Amino acid sequence: MHIPLSWYLILAAALFCIGLFGVMSRKNAIAILLGIELMLNAVNINLVAFWRYLDPTKMAGQAFAVIVFAVAAAEVAVGLALIISVYRRRNTIIADEIDLMKW
Amino acid sequence: MHPDQIIFFLCAALILISALFVVISRNLIHAALWLVAALFGVAVLFALLNANFLAVVQVVVYIGAIAILFLFAVMLTRKDIRDRGPQMRRSWWIPALLGLLILAGLVYLIFAQPGIDRTAAAIPAGVDPLRALGKALVSPGGYVLPFEVSSILLLAALVGAVYVAITKKS
Amino acid sequence: MTNWIIWLIPLPPLLAFFVIILFTNKNRALSHGLAVGAAGLSFLGSMAVFVQALGIPEFGRQVFESSIDWLPTGNTWLQIGVLVDPTSAVTLFFVAITILMIFIYSIGYHNFGQPAGDHDVKGLPPHGASVTDGHGHKHSVPSIEPMYSRFFAFIALFAFGMYTLVVSDNLLTLFVGWEIMGLCSYLLIGFWYGKPSARDAAVKAFMTTRVGDVFMLLGIAFLYSATGTLSFGVIFQPKVLEALASTPAFFGLSAAGLIGLLLFIGTVGKSAQFPLHVWLPDAMEGPTPVSAMIHAATMVSAGVYMVIRMFPLITAGWSEGMPLNPTMSTIAFIGTFTALFAATIAVAQNDIKRVLAYSTISQLGFMIAAVGIGAYVAAAFHLVTHAFFKALLFLGSGSVIHGMEHGVLHTGEHVDPQDMFNMGGLRKKMPITFWTFLIGGFALSGFPVLTAGFWSKDEILADAFGNGHLMVFITLAAAAFLTAFYTMRQIILTFFGEPRTKAAGHAQETPLTMTVPLIVLAVFAVGYGWVGLPAWFTGGLVPNWFHEFVGGTLAEMPAVAPFSIVPILTSLGVALGGLFFGWLVYRRVESPEKDFLQIPLLKNKYYFDEIYDFLFVRPAAWVAEKFTYLFMDRMVIDGFLHAIARFALFLGHAFRDYIDKPVVNELIGDGTGKVVKGSGSRLRKIQAGRVQYYMVVSIAVLVVVALLYYLLHFLMA
Amino acid sequence: MSLQDFLADPILFISNWLQGLLVGWKLPSGLATVIVFLIGILALVIFAMLFDIFLVWVERKVVARFQDRLGPNRIGPFGLIQPFADIIKLVIKEDITPDGADKVVYNIAPVLAAVSVIILWAVLPLSSKIFGVDLNVAVLYLVAAGALGTLAIIMAGWSSNNKYALLGAYRMVANMVSYEIPMVVTLLIPTILADTMSLNGITQSQETIWYVFLSPLGMLIFLISSIAELGRSPFDLNEAESEIVAGFHIEYSGMKFGWFYASELLHAFTFGGFVGILFFGGWQVPFLMADGFHFGSFVVALPGIGVILLQAVAFMVKAMIGYWVIMWVKYSMPRIRIDQMLAFNWKFLTPLSLVLLSATAVLTKLLSGFPLWIFGVGMFLSNLLIGWITIEILRFYAHRQRRLEEPLAQPASVAARR
């Protein structure tokens with residue numbers, strides 16, 4: 001009751017930016033996925049915070065948070081599977097070395 | 001200083017510090033574990049926001065499944081478990097700069113909104129967020145369609161992941 | 001009901017043809033199974049129709065016919081349909097039987113069940129295969145025809161054509177069947193296209209019959225333009241005939257006469273009458289069943305059948321006892337002449353099949369003559385009987401040849417298995433063939449009382465005598481005498497005496513599939529004559545059934561020729577005399593040298609081939625070579641074309657040099673390419689293939705844009 | 001503030017008293033609340049730990065009896081003091097951290113393991129009044145705690161920098177992650193029946209009939225999967241001595257190992273308690289209402305404290321029985337192969353539990369209007385039916401398997417046996 005909404009939002013923003021930084025700066029593909037997880041969580045914080053602060057009787061925020069969970073799980077499963085098979089074929093998971101698609 | 005605020009600050013500190021370590025720690029295992037810590041903090045925040053269900057699900061899904069998955073992946077993609085050498089790309093400062101810019105912009109935007117400092121009203125009596133959420137997720141008036149779609153998505157992801165990661169024996 | 005059957009009669013062979021050609025080509029047993037089965041179906045249908053027809057009194061008045069609209073011609077419809085009247089009924093009868101028999105016969109003739117030849121090739125007769133028996137002795141046996149299935153496909157198609165022709169109720173479909181048969185005879189004569197002689201024979205037959213067919217088509221066209229219809233039912237209505245007979249045409253002929261003449265020329269081609277007879281003997285190059293079917297039983301009969309059909313037209317405005325009209329006299333003359341003329345050639349031939357070929361020509365001459373003198377029924381009667389015994393004879397000769405070939409293969413001496421002077425003494429070797437052949441021969445030569453040939457020929461003679469055409473009567477009598485003579489000659493040379501070659505010594509009786517048809521046909525050759533016994537013979541107890549039945553076709557029943565003793569005695573005399581004389585002469589003739597009839601004029605068939613070669617072939621070739629090819633094609637047409645081509649070439653060069661190369665290629669094509677390539681090679685640096693690089697760039701752009709946006713925002717406010 | 005209140009609800013009384021006391025010390029009320037909560041938590045944990053020590057003794061006695069020994073019997077009566085001796089030994093043992101081990105993770109792991117068990121006690125309703133928090137998602141909370149346990153084990157296995165440890169961790173994780181699924185599914189069955197996820201609520205709703213009668217099959221599946229979850233025999237692949245010397249805690253010694261050991265025992269007991277709560281009516285005592293026994297109209301009144309204590313005892317007894325069963329299985333079953341274990345889960349338990357769940361859901365809707373006994377009979381019969389069908393299917397496949405493995409020599413005999 002005693003926490004202004006802005007705190008949550010700022011926390012979420014910070015978390016989001018950290019995740020973004022990780023995604024953009026880490027070499028390792030798995031680390032990139034970690035960053036993405038952080039960003040998703042930032043989003044979730046926002047959703048839940050808005051749900052709580054705007055109208056607790058409308059469940060949109062929580063419902064979408066749930067869906068974000070599902071999406072995150074799916075994304076991680078497929079992403080890691082891809083990374084592993086890439087590792088099997090090319091013996092590396094450094095994102096910059098996986099550049100078959102370049103000119 | 002209200003206990004809620006104390007808890008919030010503790011959680012925020014935990015989350016942000018862990019997140020930082022997630023993105024900067026050299027050892028990927030540590031990064032994953034730091035991620036667990038951050039996610040745990042988020043779970044606590046959810047609890048603080050009266051979203052018990054989400055809090056618990058956060059722990060179950062992220063820590064129980066995703067983090068474990070990460071640890072597995074890291075171990076499966078390392079010839080020796082420790083990482084040597086820098087984990088950052090050479091021009092890591094550009095992303096850092098961009099991140100800071102975006103953060104500044106977001107903060108500015110947040111405070112530009114009116115009534116952003118409101119505090120939460122008490123949950124009206126007779127509203128059980130858990131039941132409400134359950135009903136919303138499965139009632140045709142609510143979010144049954146996105147919910148089912150996401151379940152389909154999960155199924156597809158499961159199959160796809162198995163297919164992609166399986167070692168094909170000729 | 002019956003009409004439906006009639007519609008369906010021609011179909012099975014057609015289906016068999018397509019199925020064999022398209023699908024069962026590889027499988028011999030299936031192929032001949034299909035063909036024979038189809039023939040059997042048509043046979044059953046024909047018999048059903050025939051029996052039905054017998055059951056109907058006054059059948060000539062109430063015939064089976066049904067027709068449908070086929071081609072829209074202006075505001076009317078060209079109708080096609082089927083018609084079975086007494087004439088076509090009897091024709092259907094013998095056609096069905098002979099075709100079925102010949103189909104069955106072909107199975108044996110083409111050595112079904114024998115091994116494939118050692119070095120047989122498609123397009124050549126089988127040379128025989130060498131097999132080793134249980135004791136390890138190698139000896140050569142007849143080998144199966146390489147193009148077995150194809151043969152059955154062709155004869156099936158032929159059968160279709162014949163049935164169509166018989167059951168059709170109008171000249172057009174009749175002509176269609178007619179031409180289909182022409183095609184088939186071409187294909188089948190040239191069946192062994194490996195042999196140059198066969199090739200030439202096929203072409204010769206085709207071309208020669210074409211001459212006739214063209215005139216026939218003219219006749220048909222004329223008829224259609226004159227009457228606006230082609231269906232017999234309409235044409236033969238008295239008033240139509242009246243109109244035709246009264247309309248004058250060229251050379252003092254009435255329209256009816258002219259049409260009749262033109263159509264008759266078609267018959268001359270098809271039935272190998274005097275001027276156009278040259279193709280038939282050469283057609284013997286084909287396999288013997290073909291000779292039997294096409295050139296004895298059915299196709300050549302088709303010509304006569306057509307004339308008989310057209311009888312009312314030809315005789316339009318003529319009735320019993322009147323002097324013949326020009327058309328009829330022409331027909332009578334050609335028929336009579338051919339009969340004698342062919343007989344004279346036949347006596348000098350040594351090839352067993354050629355003898356039969358010429359005898360066929362002369363017998364057809366008999367029928368034509370009969371039609372010419374208005375002896376409608378006699379002609380039909382002789383047509384039927386002749387079909388039977390001539391098919392029998394051909395098949396018999398085929399059987400003989402087959403036996404001889406077996407001997408040749410066995411002994412390995414190279415003699416012509418068709419030359420009668422290489423035979424002799426086959427009586428003991430091939431008894432069934434001998435007896436059936438003997439019956440056929442006697443029927444042909446008109447052996448009194450017993451055989452069908454006697455009665456039919458006698459009826460013709462009787463008609464000729466009774467109607468006072470003495471010239472015709474005498475000539476035909478002479479022809480009949482010669483017929484008997486060369487028949488006896490053939491029989492003696494082939495079957496009696498001692499084998500004159502080792503091959504003949506080792507000749508062998510042919511398999512059942514060949515002998516059974518012989519027997520069946522023999523029965524008919526003898527028995528069929530009795531359906532036409534003249535009333536006086538049975539003392540009026542039995543009326544002349546055939547006469548009653550077939551005569552019913554015509555508007556008014558033709559009168560039976562009054563009985564007189566002369567023709568009977570004549571035919572008795574010529575038949576027996578000819579046979580006896582032949583026996584007398586050829587008892588002890590051992591070799592061609594001893595044969596006093598081997599005079600060049602006859603042997604070379606009055607040099608007709610040479611004459612035609614000189615008259616028509618050479619000039620045609622000359623015109624083709626000099627005028628058509630050298631002048632027309634090379635100079636006029638080619639020159640024109642070359643001019644066009646040069647112009648086009650020039651135009652093309654112009655386009656290439658002044659438009660295509662500079663503008664299209666350089667400017668548009670290569671230019672675009674260069675631009676794209678250059679820009680691409682500069683731009684591609686951006687595509688580093690690094691995900692994060694892309695992300696950084698896009699995020700940076702986003703940030704910059706956002707900053708700009710808010711900057712502007714400030715400046716505005 | 002009177003004796004009646006205390007007798008009515010001692011826990012509430014004590015907390016109120018503490019609250020008042022602290023507020024009396026001029027502390028802000030919120031802080032006071034936090035402190036009271038902390039004290040409560042402390043009390044609970046201490047109780048749990050002490051009980052854990054008792055469990056050590058129980059375990060050793062029972063295993064001794066199973067193995068036809070006497071077990072600890074020297075120190076104290078029936079060797080009751082033996083566990084303390086063990087603890088002292090463990091504490092004074094040298095505490096080795098292997099070279100190349102990841103120190104922080106290595107040291108956090110055992111604590112996390114213990115925590116993952118102890119936090120379970122937060123939602124464990126010892127009686128209608130004694131419970132940490134009546135969480136409305138307690139059932140999921142169990143699973144979450146299990147997830148933490150998994151994490152602890154993988155951390156331990158990885159940080160030991162020892163291949164046996166890592167293998168053990170892998171096995172354990174595979175085991176837990178896969179057996180979580182049937183467990184969660186069967187957890188949902190009482191949830192559906194009680195229409196709530198709070199354990200207290202589930203217990204209360206079993207006042208009329210225990211869920212074991214409504215869903216015996218669910219009880220079995222839950223028991224099996226929780227045994228697997230505990231990593232106890234026959235699912236103790238994580239510490240298969242014969243293959244990977246001691247599994248994930250091979251490198252641990254001294255009290256760190258003690259933490260793992262203690263947490264395992266407590267975990268087992270706790271799950272025994274959960275079986276009791278979810279299917280055997282937790283603290284429910286037959287005929288015992290909030291104010292005493294009700295035998296029809298005849299009522300034996302009891303003070304609140306008596307009721308509470310009775311309920312607590314009932315719960316403990318049920319939990320103990322559950323724990324006993326788990327031990328029973330552990331000490332009388334051989335260890336199974338890993339592939340068998342996973343196959344058993346994925347090919348048998350998971351589908352079966354899903355079928356059971358859907359059947360339960362449908363029936364609950366269908367029979368909701370009917371009187372209780374019809375409802376109960378229907379549920380029970382449906383369970384029996386599903387079980388029977390399952391057994392038939394299994395038999396069919398077993399026959400086919402045998403037919404495949406039979407030498408083709410005597411099909412006649414095979415036919416005969418059919």
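**Reading contacts, cores and a hairpin**

Me: How many residues do chain A and chain C each bring to their contact?

Reply: Two residues are in contact if their C-beta atoms, placed from the backbone, lie within 7 Å. Here chain A gives 9 residues and chain C gives 10 residues. On the chain A side that touches chain C, 6 are nonpolar, none is polar and 3 are charged; Ala, Val, Leu, Ile, Met, Phe, Trp, Tyr, Cys and Pro count as nonpolar, Asp, Glu, Lys and Arg as charged, and the others, Gly among them, as polar. Keep in mind that this is a predicted model, where local features need pLDDT of at least 70, side-chain atom pairs count only at pLDDT 80 or more, and totals for chains, interfaces and linings use all residues. Residues are numbered from 1 along each chain as its sequence is written, with chains lettered from A and ligands numbered from 1 in the order in which they are written.

Me: Which residues of the hairpin's two strands are bridge partners?

Reply: Strands are DSSP runs (E, at least two residues), numbered from the N terminus, and two of them pair if DSSP finds at least two bridges between them. Strand S3 (residues 129-132) and strand S4 (residues 138-141) of chain C are antiparallel, with 4 bridges. Thr132(C) has Lys138(C) in S4(C) as its bridge partner. The hairpin of S3(C) and S4(C) has 5 residues between the strands, and Gly136(C) in the turn shows a positive phi of about 80 degrees.

Me: What does Ala156(C) touch?

Reply: Leaving out residues up to four places away in sequence, Ala156(C) touches Pro13(C), Ala16(C), Phe17(C), Ile20(C), Ala35(C) and Ala38(C).
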